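Here are my notes on the fold, set out as numbered points. Please read them with the structure open beside you.

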Amino acid sequence: MSQPDSDIMVRPQMLVLEGYLATWDIKSCEPHGKTTFGSKTTHVIASCPGTEQDDSFFVKEFPSKEPDSRAMALGEFESMKAMYLANPHFVPRPIDFFSWESFVPLPDGQVQTIRRNSLLFEFLPLIPDVQPSPTQMAQNLATLHTQSESPTGKFGFHVPTYPGNIPQYTKWEEKWERFFAKALCQALDQEIRVKGQHPLLDALVPVLFDEVIPRLLRPLESDGRTVKPSLVHGDLWFGNSGVWNAPSSLGEEGPRAAVFDAACVYAHNEYEFGQWRPACNKFGPEYLEAYHKIVPKSEPKEDYDGRLDLYKLKFNTHVSALFPANAGLREQMLGDIKDLVQRFGSEQQ
């Protein structure tokens with residue numbers, strides 16, 4: 001078996017000793033793909049004892065230096081499990097979540113124990129540089145959003161989830177407006193913590209919460225209207241999607257869309273598309289068009305663009321908090337707030 005540098009791979013000893021692959025014969029274990037925030041990913045080929053057939057697995061190890069490493073891993077695993085239950089054709093099958101220890105010798109002769117957290121998935125051979133088509137994404141997201149059911153009937157998620165290495169708000173709430181307001185408040189607190197206060201925030205944030213959010217979200221749950229808590233991926237930028245060629249053994253041979261690195265919540269289904277609003281994303285208006293041919297826009301439809309811009313603010317605020325040194329992301333967030341207050345505040349600011 002090939003043995004790359006142990007610092008850039010998931011250790012095969014761990015796979016043999018822990019979890020799902022404990023009795024499997026590990027054939028190869030190679031670094032695979034690109035990651036962010038210090039995670040390491042590995043393609044593992046193994047065969048089950050008594051068979052001659054090799055199976056492929058994908059292992060993601062979360063950075064041990066992150067204080068929330070275990071929570072990050074658990075949040076992604078529970079997210080992918082929930083998505084797989086709602087639409088098993090859209091995500092790689094999540095198999096196992098496990099914590100384990102590795103031992104690193106130090107120059108003074110001591111041994112450092114490092115606690116590591118890893119996820120095991122089935123391996124999907126993605127086609128390089130190919131993005132799902134609008135139809136593929138629309139059909140799969142429509143299934144995910146409409147077939148999923150919140151276990152509590154509320155908005156939130158049962159464990160914290162992490163877009164990047166910062167948690168988002170996931171506590172259960174009865175009303176969508178209340179959930180979103182708390183989620184945005186947490187994201188703003190995180191952003192201000194790393195980038196500091198700004199005079200515009202002092203002036204505009206009260207208007208945002210007192211006027212803009214009620215103006216855009218309260219009508220969704222007024223006059224007999226309700227919002228279904230739908231399972232959303234929660235971090236669906238184009239880098240978390242791909243296409244793979246499904247074999248004929250699965251019944252439908254050919255290209256299939258796949259998404260990964262989920263940070264789920266049960267939310268208003270349109271919340272998913274706030275991430276698609278920034279210009280840097282490759283999911284253009286043709287993707288939304290295809291989706292809404294299957295799932296209509298929520299009423300009142302005249303507020304649709306405003307709602308998506310409000311949802312975009314939540315994602316842009318979180319991203320600004322993720323990258324403290326990037327001043328441009330703070331400016332983008334401030335521009336979003338100014339735009340929303342000008343359009344939906346009771347007075348021009």
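1. Five strands make up an open sheet in the order β1-β2-β3-β5-β4, paired antiparallel. The edges are β1 (25-31) and β4, each with a single partner strand, so one side of each has no neighbour in the sheet. Averaged over neighbouring strands and ignoring direction, the turn of one against the next is 30°. Two strands are called paired if DSSP finds at least two bridges between them. Strands (E, at least two residues) and helices (H or I, at least four) are DSSP runs, numbered from the N terminus.

2. The model is predicted: local features need pLDDT of at least 70 and side-chain atom pairs count only at pLDDT 80 or more, while totals for chains, interfaces and linings use all residues. Numbering starts from 1 along each chain as its sequence is written, and side-chain values use heavy atoms, with hydrogens and water left out.

3. Within the sheet, β2 (residues 40-47) is joined to β3 (residues 54-62) by eight antiparallel bridges. One residue pair to look at is Thr42, which faces Val59 in β3. The two strands form a hairpin with six residues between them, and Gly50 in the turn has a positive phi of about 90°.

4. On to β5 (residues 111-122), which runs antiparallel to β3 and is joined to β3 by six bridges. Here Phe62 is opposite Asn117 of β5. Ser99 also stands opposite Asn117 in β5. In general, strands of a sheet pair through backbone hydrogen bonds, either parallel or antiparallel.

5. Strand β4 (residues 94-105) pairs antiparallel with β5 over eleven bridges. Trp100 has Arg116 of β5 as its bridge partner. Five residues separate the strands in the hairpin of β4 and β5, where Gly109 takes a positive phi near 90°.

6. What lies across β3, β4 and β5? Helix α2 (residues 69-86) does, running at about 160° to β4. Angles run from 0 to 180 degrees between N-to-C directions, and axes are lines fitted to C-alpha atoms, for helices over the stretch in contact.

7. Helices α5 (residues 199-217) and α7 (residues 304-322) pack at about 135° with their axes 9 Å apart. That angle makes α5 oblique to α7; under 35 degrees would count as roughly parallel, over 145 as roughly antiparallel and 65 to 115 as roughly perpendicular, with the rest oblique. Their crossing is left-handed, that is, the near helix is turned anticlockwise from the far one by less than a right angle, whereas clockwise would be right-handed. The contact (heavy atoms within 4.5 Å) is made by Leu208, Ile213, Leu216 and Leu217 of α5 with Gly306, Arg307, Leu310, Tyr311 and Leu313 of α7. These residues comprise seven nonpolar, one polar and one charged. In this scheme Ala, Val, Leu, Ile, Met, Phe, Trp, Tyr, Cys and Pro are nonpolar, Asp, Glu, Lys and Arg are charged, and the others, Gly among them, are polar.

8. A second helix pair is α4 (residues 176-195) and α8 (residues 327-344), packed at about 140° with axes 12 Å apart. This makes α4 oblique to α8, and the crossing is left-handed. Leu188, Glu191, Ile192 and Lys195 of α4 form the contact with Leu329, Arg330, Met333 and Ile337 of α8. By class, five of the residues in the contact of α4 with α8 are nonpolar, none polar and three charged.

9. Is Leu144, a residue of helix α3 (residues 134-147), buried or exposed? Leu144 counts as buried because its relative accessibility is 0%; the cut-off for buried is under 20% relative accessible area, exposed is over 50% and partly exposed lies in between (1.4 Å probe, protein chains only). Beyond residues up to four places away in sequence, Leu144 touches Met83, Ala86, Asn87, Leu231, His233 and Glu272. Leu144 and Phe90 are 54 residues apart in sequence and 8.5 Å apart in space, C-alpha to C-alpha.

10. Asn240 sits in the loop between β6 (230-232) and β7 (241-246). With 3% relative accessibility, Asn240 is classed as buried. Setting aside neighbours within four places in sequence, Asn240 contacts His233, Asp235, Ala258, Val259, Phe260 and Asp261.

11. For the protein as a whole, there are eight helices and nine strands. Of its 349 residues, 52% count as buried. Among contacts with a separation of 6 or more, 67% are between residues 24 or more positions apart.
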